[in-house]
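Colleague: I would like to learn how to read burial, packing and backbone angles from a model, one feature at a time. Could we take them in turn, with the general idea before each case?

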Amino acid sequence: MFERFTKDARRVVLRAADVEAAALGASAIEAEHLLLALSETIGVEHDTLVDALEAETAASLDAVGVSLRPPPPGRHRRRFRMATSAKVAMHRAVQAAVATKDLEITPKHLALGVLKAEVGTVPRALALAGLGREALAAGL
Amino acid sequence: MVAGSTTVDHLETAAAIEPSPEDALAAVAALRRLADRVEDDAVERALRDAWTWAQVAEALGVTKQAVHKKHAKRLRED
């Protein structure tokens with residue numbers, strides 16, 4: 001799957017695992033970790049995205065009356081499996097490249113793939129931060 | 001005015017009891033992330049307190065192989 005990824009796009013995926021998923025104590029690479037790794041590409045401060053995702057988790061837990069918050073991450077994994085949300089985002093990145101007849105998958109395609117999701121953690125977090133998904137995609 | 005605020009209270013109570021499908025589904029995703037993090041933390045502390053893998057597995061209600069596969073590499077001292 002990665003053959004068509006540019007060096008920069010591969011770097012984004014590696015960063016999503018080794019930096020973002022690790023820092024958040026995640027057990028798998030999710031779409032939100034790709035989003036964080038793409039902060040420069042989409043032109044939103046990394047901290048803003050981290051805060052938005054934290055707010056999304058808090059709001060979602062509050063909605064079912066859960067006030068417990070995740071403990072600080074402990075020792076993280078060295079290998080991360082790719083969760084469905086990240087696989088879907090990568091699949092959409094490939095579709096975005098096909099749609100514009102681009103032969104290579106660039107970070108821009110990855111960003112389009114991540115921003116395409118209409119439901120789930122990423123669009124909820126962006127909405128909570130007042131960031132328009134479509135405006136971000138249009139600005140790429 | 002009293003009647004109006006009562007209606008709002010009712011709506012707020014209803015929302016607290018039954019979140020929208022979108023919020024409820026997002027809550028499930030957030031609870032899974034929360035459970036993963038609580039598990040990571042609890043397993044790490046149990047092993048530090050000299051629990052065996054077998055005890056940790058039984059306490060979690062999973063097989064020893066499952067808990068080992070999920071946490072051994074992460075927690076191996078080296």
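Colleague: Where does Pro107(A) lie, and does it count as buried or exposed?

Modeller: This is a predicted model, and burial in it is judged by counting neighbours, with 20 or more other C-beta atoms within 10 Å making a residue buried. Pro107(A) lies in helix 6 of chain A, and it counts as buried because it has 23 C-beta neighbours inside 10 Å.

Colleague: Which residues is Pro107(A) in contact with, once its neighbours within four places in sequence are left aside?

Modeller: On that reckoning, Pro107(A) is in contact with Asp8(A), Ala9(A), Val12(A), Leu38(A) and Thr41(A). Ala93(A) is 14 residues away from Pro107(A) along the chain, and the C-alpha atoms of the two are separated by 8.9 Å.

Colleague: Ala9(A) and Val12(A) appear among those contacts, so to speak of their own helix, which residues are buried in helix 1 of chain A?

Modeller: The buried residues of helix 1 of chain A are Ala9(A), Val12(A), Val13(A), Ala16(A), Ala17(A), Glu20(A) and Ala21(A). They pack against strand 1 (28-29), helix 2 (31-37) and helix 6 (107-115) of chain A.

Colleague: How does the reach of helix 1 of chain A stand against the span expected at 1.5 Å a residue, and where is its kink centred?

Modeller: Helix 1 of chain A covers residues 7-23, 17 residues in number, and it reaches 23 Å from its first C-alpha to its last, which is close to the expected 24 Å. There is nevertheless a kink of about 35° in this helix, centred on Ala16(A), and Ala16(A) is one of the buried residues already named. Just after the helix, Gly25(A) takes a positive phi of about 65°.

Colleague: Which residues touch the most other members of the largest nonpolar core?

Modeller: That core has 37 residues, and Leu34(A), Leu38(A), Leu110(A) and Val114(A) touch the most other members. At least two residues of the core are supplied by each of helix 1, helix 2, helix 4 (46-63), helix 5 (84-99), helix 6 and helix 7 (121-128) of chain A. Taking Val114(A) as a case, and leaving aside its neighbours within four places in sequence, one finds it in contact with Ala31(A), Leu34(A), Leu35(A), Leu38(A), Ala89(A) and Val122(A). There is also a second, separate core of 5 residues, and among its members are Leu61(A), Ala63(A), Ala26(B) and Ala27(B).

Colleague: Ala26(B) and Ala27(B) take us to chain B; how many residues of chain B are in contact with chain A?

Modeller: In general, the size of an interface is often given as the accessible area lost when the parts come together. Here it is described by contacts, with 21 residues of chain B in contact with 21 residues of chain A. Helix 2 (21-48) and helix 4 (64-75) of chain B are the elements that give two or more residues to chain B's side, and helix 2 of chain B provides the largest share, 16 residues. By class, that side of chain B has 11 nonpolar, no polar and 10 charged residues.

Colleague: What do the buried residues of helix 2 of chain B pack against?

Modeller: They pack against helix 4 and helix 7 of chain A, together with helix 3 (53-60) and helix 4 of chain B. The buried residues themselves are Ala26(B), Ala27(B), Ala30(B), Arg33(B), Arg37(B), Asp40(B) and Val43(B). As for length, the 28 residues of helix 2 of chain B should span 40 Å at 1.5 Å a residue, and its end C-alpha atoms are 40 Å apart, which agrees. In chain B as a whole, which has 4 helices and 0 strands, buried residues make up 12% of the 78 residues.

Colleague: Which sign does phi take in Ala50(B), and is Ala50(B) buried or exposed?

Modeller: Most residues other than glycine have a negative phi. In Ala50(B), however, phi is positive, near 70°. Ala50(B) lies in the loop between helix 2 and helix 3 of chain B, and it is exposed because it has 7 other C-beta atoms within 10 Å. Lys101(A) is not a glycine either, and its phi is positive, about 55°. Lys101(A) lies in the loop between helix 5 and helix 6 of chain A, and it counts as exposed, with 6 C-beta neighbours inside 10 Å.

Notes:
Residues numbered from 1 in each chain as written. Chains lettered and ligands numbered in written order. Predicted model: local features only at pLDDT ≥ 70, side-chain atom pairs only at ≥ 80, totals over all residues. Contact = placed C-beta atoms within 7 Å. Nonpolar A, V, L, I, M, F, W, Y, C, P; charged D, E, K, R; others polar. Expected span 1.5 Å × (residues − 1). Bend = angle between axes of the 7 residues up to and from the residue. Core = buried A, V, L, I, M, F, W, Y, C linked by C-beta atoms within 7 Å.
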